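Student: I've got this one open in the viewer and I'd like a close look at the empty space in it. Could you walk me through that part, with enough of the surroundings to keep my bearings?

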Amino acid sequence: MHIEKDSMIKTDIIIIGAGPVGLFTVFEAGLMKLKCHLIDAIPQAGGQLSEIYPKKPIYDIPGYPSILAGELVEKLLEQSAPFKPGFTLGERAETISKQKDGSFVVMTSKGTKHQAPVVIIAGGLGSFEPRKPQIETLSKFENKGIAYIVKDPETYLGKKLFISGGGDSALDWAIYFAQRNNSSVGLVHRSDAFRAHKDSLEKAYQLQEEGKLELYTHAEVIALEGEEKLKSITLKQKDQEDKKVEVDVWFPLFGLSPKLGPIANWGLDIEKNAIKVDHTLDYQTNIPGIFAVGDVNIYPGKLKLILCGFHEATLAVQTAYKIIYPDKRFTLKYTTVQGIQGFE
Ligand SMILES: Cc1cc2nc3c(=O)[nH]c(=O)nc-3n(C[C@H](O)[C@H](O)[C@H](O)COP(=O)(O)OP(=O)(O)OC[C@H]3O[C@@H](n4cnc5c(N)ncnc54)[C@H](O)[C@@H]3O)c2cc1C
């Protein structure tokens, strides 16, 4: 969906963070006929589950003796789908401002504006920021030949690509491009010990033998050259002369690290990099109308577990309803009684 910069997305609840807790908030709000719109800095839903451990089994989700993290995300998306949540993905929530009518406007890093009477922050450990290499001219080439996340892989096919990193993400993308690209693909890693899965490593060596992937171990990118956009990178290699290589795109894939980021400057009470909430009632913050649920909040006895976040979200939307409809009373009914009445 293309959204004009000046237009405003209006909803009942803005949820910041599309991790498991943000997704379940949509479901609980939906049962109360409240519409939600989720904002996430990363381009897909699922938070830590999608970003850090999609293939790991989780054993403490009630009713699932074991479920893969990625599968749980799919189930949560399926569960919330009848309530038609909106998504603004790949954009970080940057600012929040209170309006005269009591509602909030949240603006993202790309200028998309959202308005709602209630904001629920489900920001987990914060937004995931790429770990950046220390190269002086790095910022000059960001989005002009340097990309930290591979968003639309097809757009890179046929280009001269270089990837740095030794983890799963670096190896997976190197393999993906080497198998499809008819131009050169290079993979650079500081050592010869890779953190990536053994199968991926074997595949990479095989592609190297087939001449589809250039592997540079004990090597790193130390300089970037170009005018308007990146044209070449300089590789420092062990026991060898520095080497200049022409590239169209360089992907430094050194992982993502979470940062509370702009939320820390919104006037919320913060303790130990987390948002203090009223744990006796509804997980509301010191700013009425703004709630914090899941890993992002702190209160005595807090446990950073998915099921605790689910509970917090369920209570938060009860008060959200009272803020949105001060004159109405909501009577809780079991889902077994009322079923699921999704939105048109
Ligand atoms: C390896 C590992 C194993 C784990 N195993 C278990 C387990 O077995 N059982 C269990 O219960 N828990 C487990 N956890 C913990 C569990 O993953 C977290 O409790 C859970 O992810 C919290 O969900 P959340 O929705 O609160 O936050 P997250 O999953 O952290 O999602 C938060 C989202 O908010 C986004 N965000 C933050 N700030 C902004 C912003 N300003 N703008 C836009 N987006 C923003 C982030 O990009 C992120 O996608 C594990 C964690 C790890 C790392």
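Tutor: Sure, let's set the scene first. Of the 344 residues in the protein chain, 50% are buried. Keep in mind that this is a predicted model. The chain is built from eight helices and 23 strands, and its C-alpha trace spans about 75 × 45 × 40 Å along the principal axes. If you take the contacts between residues at least 6 apart in sequence, 60% of them join residues at least 24 apart. On the outside, the chain exposes about 17800 Å², with carbon and sulfur atoms supplying 51% of that area. As for charge, there are 41 positive and 43 negative ones, and their mean positions sit 3 Å apart.

Now the empty space. Rolling a probe the size of a water molecule over the atoms shows where such space is left. Start with the largest pocket, which holds about 1100 Å³. Its lining takes in 32 residues, and those nearest the centre are Ser50, Glu51, Ile52, Asp168 and Ser169. Which elements bring at least two residues each to that lining? They are α2 (47-51), β11 (127-130), α5 (168-180) and β19 (256-259). Of the lining, α5 provides the largest share, at four residues.

That makes α5 worth a stop, and Ala174 is a handy residue to click on, as it belongs to this helix. Ala174 counts as buried because its relative accessibility is just 1%, and the cut-off for buried is under 20%. What does Ala174 touch, once neighbours within four places in sequence are set aside? Its contacts are Ile163, Val185, Leu187 and Leu213. For a sense of scale, try Gly70: it is 104 residues from Ala174 along the chain, and their C-alpha atoms are separated by 22 Å.

Next, the enclosed space. Searching the whole structure turns up one cavity of 30 Å³ or more, and the largest cavity has about 40 Å³ of space in it. Around that cavity you'll find Ser164, Gly165, Val188, His189, Arg190, Ala219, Glu220 and Phe254. Two strands, β13 (185-189) and β15 (219-226), each give at least two residues to the cavity lining.

So if you want to retrace the route in the viewer, begin at Ser50 and Asp168, which are among the residues nearest the pocket centre, follow α5 to Ala174, hop to its contact Val185, and finish at Val188 and His189 in the cavity lining.

Definitions and conventions:
Residues are numbered from 1 along each chain as its sequence is written. This is a predicted model: local features need pLDDT of at least 70, side-chain atom pairs count only at pLDDT 80 or more; totals for chains, interfaces and linings use all residues. Side-chain values use heavy atoms; hydrogens and water are left out. Buried means under 20% relative accessible area, exposed over 50%, partly exposed in between (1.4 Å probe, protein chains only). Contact means heavy atoms within 4.5 Å. Accessible areas come from the Shrake-Rupley method with a 1.4 Å probe; for residues, only the protein chains shown count as cover. Lys and Arg count as positive and Asp and Glu as negative; His and the chain ends are not counted. The place of a charge is taken as NZ of Lys, CZ of Arg, CG of Asp or CD of Glu. On a 1 Å grid over the protein atoms alone, a cavity is a set of points where a 1.4 Å probe fits but cannot get out, and a pocket is an open set with protein on both sides within 12 Å along at least five of seven lines; lining residues have an atom within 4 Å of a point. Grid points are joined across faces, edges and corners, and a volume is the space filled by probe spheres set on the points.
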